[in-house]
Amino acid sequence: RFEEPRQPYGAGDVPLRDVLRHIGLVLRYFRWWYKKTRIEKKSAFIDLLCAVPLQQIYGCPLGGIGGGTITRGWRGEFCRWQLNPGLYHYETVIANQFTVCLRCKGQTVYQQVLSVERPSTLQGWNWGYCGHYAFYHALYPRAWTVYELPGQNVVLTCRQVSPVIPHDYKDSSLPVGVFIWEVENGRDEDVDVSIMFSLQNGTGTKEDRSGGHWNEPFAFEKEGERVAGVLLHHCTRVNPFTFAISAREKAGTGVTHLTAFNPAGSGREVWQDLLQDGRLDSPAGKSSPTEKGEVTAAAVCASCRVPAHGHRTLELALAWDMPRVHFGSKEKLHLRRYTRFFGSGGDAAPALSHHALTHYEDWEKKIEEWQKPILENSQLPSWYKSALFNELYFMTDGGTIWVELPPDCCAEDLQGPAGAGLSHLLPVLQEYGRFAYLEGQEYRMYNTYDVHFYASFALVMLWPKLQISLQYDIAVTVVNEDVQPRQYLMCGQTAQVKLKNVVPHDIGDPDDEPWQRVNAYLMHDTADWKDLNLKFVLQVYRDYCLTHDSLYLRDMWPVCQAVMESELKFDTDNDGLIENGGFADQTYDAWVVNGASAYCGGLWLAAVCTMCKMAEVLGDAEIQQKYTDILSKGKEAFERMLWNGKYYNYDSSGSDTSISIMSDQCAGQWFLGACGLDQGEFEV
């Protein structure tokens, strides 16, 4: 994004002060990292010393918004886990597999694990499926894997579906995924087809062997629809959960199960059980709790007869129920959004499974209605269509959490000492809950606001009530402060965590207590950043343009005025344009900016423009005139100080990097364009 035409120093010319500054930063970071990871036994919010190795293995994740996610690789493996909110575990659990069994005339003719792996465990199973005969496609929130079973004249297509549905605030919160297996029989004879889904009790961590975990079969029938499978109870001290693997029973489809087996052994008894008759033995009763050091798994099997040259469907599901969660500090108990509909007792997995298997067709219809106009628009390039949908995975798999307010919560609990003016804060959060997602899976800060500015379009266009809820949370934080002192790593200076009337960088670390303790980011003191306040004002007006929510606009108007007043102090020469402070004081937090700048100056003018417009909508003539005057002066200063005849300079400092081209220099103008304010009197 940033290209320097030349370096300010040649090799060997780096000033001693810069060397010492960087040594100081490294020492401060290492000291902080050692205390955090070795003494407090917590993970670093940004871990520069133990980064997760890059693996290009990940495919479409499973699950809705805020209930945790399980990611499958494009080769079918279950390889990334985010059940504890915001915390990721990268482990391929080899026992989690789909296996196919084909039988003709009462004899098993083919049985194969649908995996290219050849693991050291479960060696009694037939591994090593040839990847040449399998194909993967994804269009989030769905994925397709086609298996052309070699030599069998049978084709399997597994369609994976998660409930990610625009403008849906119920089913989109559910922690479920559905696997629809389409079976095409090209033979001249009938074939009995079985799909076995096996799953380990746990996520591949050491807690799988902590003991006390157990499984039990279940069946759930409602309105004439029946599903059956196995519950896997994972009984940890903090954030216990239950997996459910299940299949839909219907005419011509049988469902059998195996309650427990050892996934660390050979697995021969499981394999022979399926091989014998294409079904599992379905023992009754619960399994014994595991001993310490033991691990357990279960399997469910769906079977049907596919006529010669015919087609049949088998439907299986995975659900996980972790309704009551603690963040890393373990101070407060939170209920996930889906508990509003399925309860918080930890016994919802059967009902979740039933709901998923009986509603996925409706989900797919809504997903297709949403995606079809874009996919069929010949004016849009293919890469753009792919990016629009497949990068949306981060809405669920961004460490995302969506929680309910406690039933006894009152406005004073949310507002803090200074938030009484937000009259609709409580009703909005009571109805739609609290939403947060990470800056990145390795940048563990919730609702990092400088980059949410860009990503927020996905939220406000698809789940606008979640954007409104998020904005109320930010507004509450703006008007309150946290006077606790702390040292910032980049500069070594000490300052308070959060100033009043300043937008926070983030609303906290999931390994701490988000919403209660904000600004997990401690590289810079972001109270002096120039872009955060402006991005809040721009989003408020953009949200109003898209939602027409006048109550929201009225609530946010005093907050917008407060942050703009706070921002005005950065216009040190009173020319209507703010100046950067000679350090990395904006989202590009390794780039020094000094004086007027294209990026922050453009955002400032755009925010001033929206202040004029909001004042007009709300009938505040005095504020409208104030910002109209600032806009007039600021536009002239922006052109005079930054335009070089071809593009806007990076900044006005006259340094070696001033004439660099920054591709984000017109971010403010771009945002105005999204609000229809980029022409005529509103062009900045």
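Modeller: In a predicted model such as this one, pLDDT is the predictor's confidence in each residue, on a scale from 0 to 100.

Colleague: What pLDDT does the chain average?

Modeller: Of the residues in this predicted model, 97% score at least 70. Taken over the chain, the average pLDDT is 94.

Colleague: Over which residues does pLDDT stay under 50?

Modeller: Where pLDDT is low, the predicted coordinates should not be read in detail. The stretch in question has 25 contacts in the model beyond four places in sequence, and pLDDT stays under 50 there, over residues 1–12.

Colleague: Is arginine 444 buried or exposed?

Modeller: Arginine 444 has its place in strand E24, which covers residues 443–446. Its relative accessible area is 7%, and because the cut-off for this class is under 20%, arginine 444 counts as buried.

Colleague: With the side chain of which residue, other than serine 43, does the side chain of arginine 444 make a polar contact?

Modeller: Setting aside residues up to four places away in sequence, arginine 444 touches several residues, including Phe45, Leu87, Leu438 and Pro510. A polar contact of 2.8 Å links its side chain to the side chain of serine 43. Another polar contact, also given as 2.8 Å, links the side chain of arginine 444 to that of aspartate 509.

Colleague: At which residue does H9 bend?

Modeller: Helix H9, residues 449–462, reaches 19 Å from its first C-alpha to its last, close to the 20 Å expected for its 14 residues. Among its buried residues are Phe453, Ser456, Phe457 and Leu459. The helix bends by about 55°, and the place of this bend is alanine 455.

Colleague: How many of the 16 residues of H10 are buried?

Modeller: Helix H10 runs over residues 464–479, and its end C-alpha atoms lie 23 Å apart, which agrees with the 22 Å that its 16 residues should span at 1.5 Å a residue. The helix is mostly covered, and its number of buried residues is 15.

Colleague: Which helix gives the most to the largest nonpolar core?

Modeller: In soluble globular proteins, nonpolar side chains tend to be buried together. Here the largest nonpolar core has 188 residues, and those with the most contacts inside it include Leu149, Trp181, Phe243 and Phe536. The helix that gives the most to this core contributes 15 residues, covers residues 598–618 and is named H13.

Colleague: How many residues are in the other core, which lies apart from the largest nonpolar core?

Modeller: The largest nonpolar core, with its 188 residues, has another core lying apart from it. Among the residues of this other core are Ile94, Leu122, Leu258 and Leu274, and its number of residues is 17.

Colleague: With the side chain of which residue does the side chain of glutamine 160 make a polar contact?

Modeller: Glutamine 160 is found in strand E10, residues 154–161, and at 3% relative accessibility it counts as buried. Leaving aside neighbours within four places in sequence, the residues in contact with glutamine 160 include Pro61, Arg72, Pro141 and Val178. A polar atom of its side chain lies 3.0 Å from the backbone oxygen of cysteine 60. The polar contact between side chains, at 3.1 Å, joins glutamine 160 to arginine 72.

Colleague: About what omega does the cis peptide bond of tyrosine 140 and proline 141 have?

Modeller: Proline 141 is found in the loop between strand E8 (134–139) and strand E9 (142–149). The peptide bond that joins tyrosine 140 to proline 141 is cis, with an omega of about 10°.

Colleague: Near what value is the phi of lysine 330?

Modeller: Lysine 330 has its place in the loop between strand E19 (324–325) and strand E20 (334–335), and with a relative accessible area of 43% it is partly exposed. Lysine 330 is a residue other than glycine, yet its phi is positive, near 60°.

Colleague: How far apart in space are glycine 293 and glycine 211, C-alpha to C-alpha?

Modeller: Glycine 293 lies in the loop between helix H2 (268–277) and strand E17 (297–306), and its relative accessible area of 40% makes it partly exposed. In sequence, glycine 293 and glycine 211 are 82 residues apart. In space, C-alpha to C-alpha, their separation is 6.6 Å.

How values were computed: Residues numbered from 1 in each chain as written. Predicted model: local features only at pLDDT ≥ 70, side-chain atom pairs only at ≥ 80, totals over all residues. Heavy atoms only, no water. Contact = heavy atoms within 4.5 Å. Helix = DSSP H or I, 4+ residues; strand = E, 2+ residues; numbered from the N terminus. Buried < 20%, exposed > 50% of the residue type's maximum accessible area, 1.4 Å probe, protein only. Polar contact = N/O pair within 3.5 Å; in protein donor to acceptor, adjacent residues only side chain to side chain. Expected span 1.5 Å × (residues − 1). Bend = angle between axes of the 7 residues up to and from the residue. Core = buried A, V, L, I, M, F, W, Y, C linked by side-chain atoms within 4.5 Å.
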